[in-house]
Amino acid sequence: MLDLTSDAVDLTGALVDVRSESGDERALADLIEARLRELDHLTVHRDGDALVARTDLGRDRRVVVAGHIDTVPIVDNVPSRVEDGRLYGCGSSDMKAGVAVQLRLAQEVTEPVHDVTYVFYDNEEVDASRNGLLRLSRNHPEWLAGDFAILMEPTDGMIEGGCQGTMRVEVAAYGKRAHSARSWKGENAIHKAGEILDRLRAYTPRNPVVEALQFHEGLNAVSVQGGVAGNVIPDECVVSVNYRFAPDLSVEEAEAHLREVFDGFEVTVVDAAAPARPGLDDPSAAAFVEAVGEGRARAKLGWTDVSLFSGLGVPAVNYGPGDPMLAHTRDEYAETAKIADAEARMLAWLRGAV
């Protein structure tokens with residue numbers, strides 16, 4: 001049983017205690033749905049294990065507050081416990097503390113200054129093709145419509161604008177296979193791949209400022225595959241490279257840049273996700289930064305689902321009480337003071353009290 005009248009700290013603990021690893025969110029989705037349907041001021045919809053609850057008060061603007069309910073696999077870190085001002089447990093930081101704040105808003109704010117859409121979705125921690133928010137955008141895009149969105153990702157209580165894009169490519173070097181006893185008859189592809197690594201070592205990442213926020217790019221080898229047998233000169237070596245790029249580049253521009261960096265080698269794009277510009281000049285976003293973030297914001301250096309909202313034409317920011325540095329760790333925790341602070345700030349903002 002989830003008690004939405006309890007504070008966000010206690011509610012975070014209750015959420016952690018309900019197992020919801022990616023692909024196994026049904027029990028938690030059922031509990032959240034049951035509680036939301038008890039609230040007369042909300043209209044509730046469900047698609048799979050994703051839930052959308054909306055106010056319809058005829059306000060001038062609509063904000064979307066979204067969070068994923070799944071976690072990475074549990075590693076002896078459930079049930080939750082509180083020690084020294086920290087609430088420990090799987091998903092406490094990423095992002096059940098943020099989901100607890102969402103649920104408190106849904107419970108307490110019956111007359112928000114903006115119409116609100118609360119989104120609780122599944123399968124964020126796995127392949128993008130399974131992402132519940134992506135599924136909602138395909139099946140029911142009207143459910144996600146809004147003027148501004150807040151993704152309750154862990155940001156350690158800071159507002160983070162936009163997100164960087166990510167691209168993974170395979171850079172291949174080819175040679176000629178031969179017996180290692182007669183190596184001069186072949187061409188060693190692994191040796192040739194050394195130039196790929198040399199280019200990576202010599203590469204200087206950009207640190208561009210986009211809409212007043214500074215981003216930090218990265219270009220790194222993440223795996224190397226090559227070799228046939230202990231007595232064979234290899235004829236192929238593939239270096240997998242991950243590029244984290246700022247939101248002043250499109251996916252197409254990022255790909256063109258990598259093909260330039262690795263000119264002379266075969267480059268194959270394996271996967272890519274678009275970045276999102278900060279969009280903090282949007283009136284709703286600017287007001288949120290001023291009211292909740294005390295006028296401060298920084299760049300989101302990872303990739304999050306704000307990219308999806310950006311693709312839908314909805315300016316979005318990241319804001320949550322969890323610490324992203326603790327996400328997915330065995331000793332994951334969220335500071336109870338930051339959970340309470342996020343709850344207080346969001347309640348005041350939606351009530352128009354700040």
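Tutor: Start with a term. Two strands count as paired when DSSP finds at least two bridges between them. Keep in mind that this is a predicted model.

Student: How do you know that β3 and strand β7 pair?

Tutor: Count the bridges. β3 and β7 (residues 148–151) share four bridges, in the parallel sense. The cut-off is at least two, so they pair. One bridge puts V64 opposite A149 in β7.

Student: What makes β3 and strand β6 a pair?

Tutor: Use the rule again. Seven bridges link β3 to β6 (residues 115–121), and the sense is parallel. At least two are needed, so this is a pair as well. Here V63 has V116 of β6 as its bridge partner.

Student: Why is strand β3 called mostly covered?

Tutor: Buried means under 20% relative accessible area. Seven of the seven residues of β3 (residues 62–68) are buried, so the strand is called mostly covered.

Student: Which residues of β3 point one way, and which the other way?

Tutor: R62, V64, A66 and H68 point one way. V63, V65 and G67 point the other way. Residues of both groups are buried.

Student: Why do side chains alternate in a regular strand?

Tutor: I can give the rule: in a regular strand the side chains alternate between the two faces of the sheet.

Student: Next, the four-strand sheet. What makes β13 and β16 edge strands?

Tutor: The open sheet has the order β13-β15-β9-β16, with antiparallel pairing. β13 (218–226) and β16 (266–273) each pair on one side only. From one strand to the next, the twist averages 20°. Helix α6 (residues 194–202) packs on this sheet and touches β9, β13 and β15. Its direction makes about 165° with that of β13.

Student: How do you know that strand β9 and strand β15 pair?

Tutor: Ten bridges join β9 (residues 165–174) to β15 (residues 236–245), running antiparallel. The rule asks for at least two, so they pair. E170 and S240 of β15 are bridge partners.

Student: Why is H179 called partly exposed?

Tutor: H179 has a relative accessible area of 36%. Buried is under 20% and exposed is over 50%. The value lies in between, so H179 is partly exposed. H179 sits in strand β10 (residues 178–179).

Student: What is H179 in contact with, leaving aside neighbours within four places in sequence?

Tutor: N231 and I233.

Student: What makes the approach of H179 to A181 a polar contact?

Tutor: The H179 side chain reaches the backbone nitrogen of A181 at 2.9 Å. The limit is within 3.5 Å, so the distance fits.

Definitions and conventions:
Residues are numbered from 1 along each chain as its sequence is written. This is a predicted model: local features need pLDDT of at least 70, side-chain atom pairs count only at pLDDT 80 or more; totals for chains, interfaces and linings use all residues. Side-chain values use heavy atoms; hydrogens and water are left out. Buried means under 20% relative accessible area, exposed over 50%, partly exposed in between (1.4 Å probe, protein chains only). Axes are lines fitted to C-alpha atoms, for helices over the stretch in contact, and angles run from 0 to 180 degrees between N-to-C directions. Contact means heavy atoms within 4.5 Å. A polar contact is a pair of N or O atoms within 3.5 Å; within protein, one must be able to donate a hydrogen and the other to accept it, and residues adjacent in sequence count only if both atoms are side-chain atoms.
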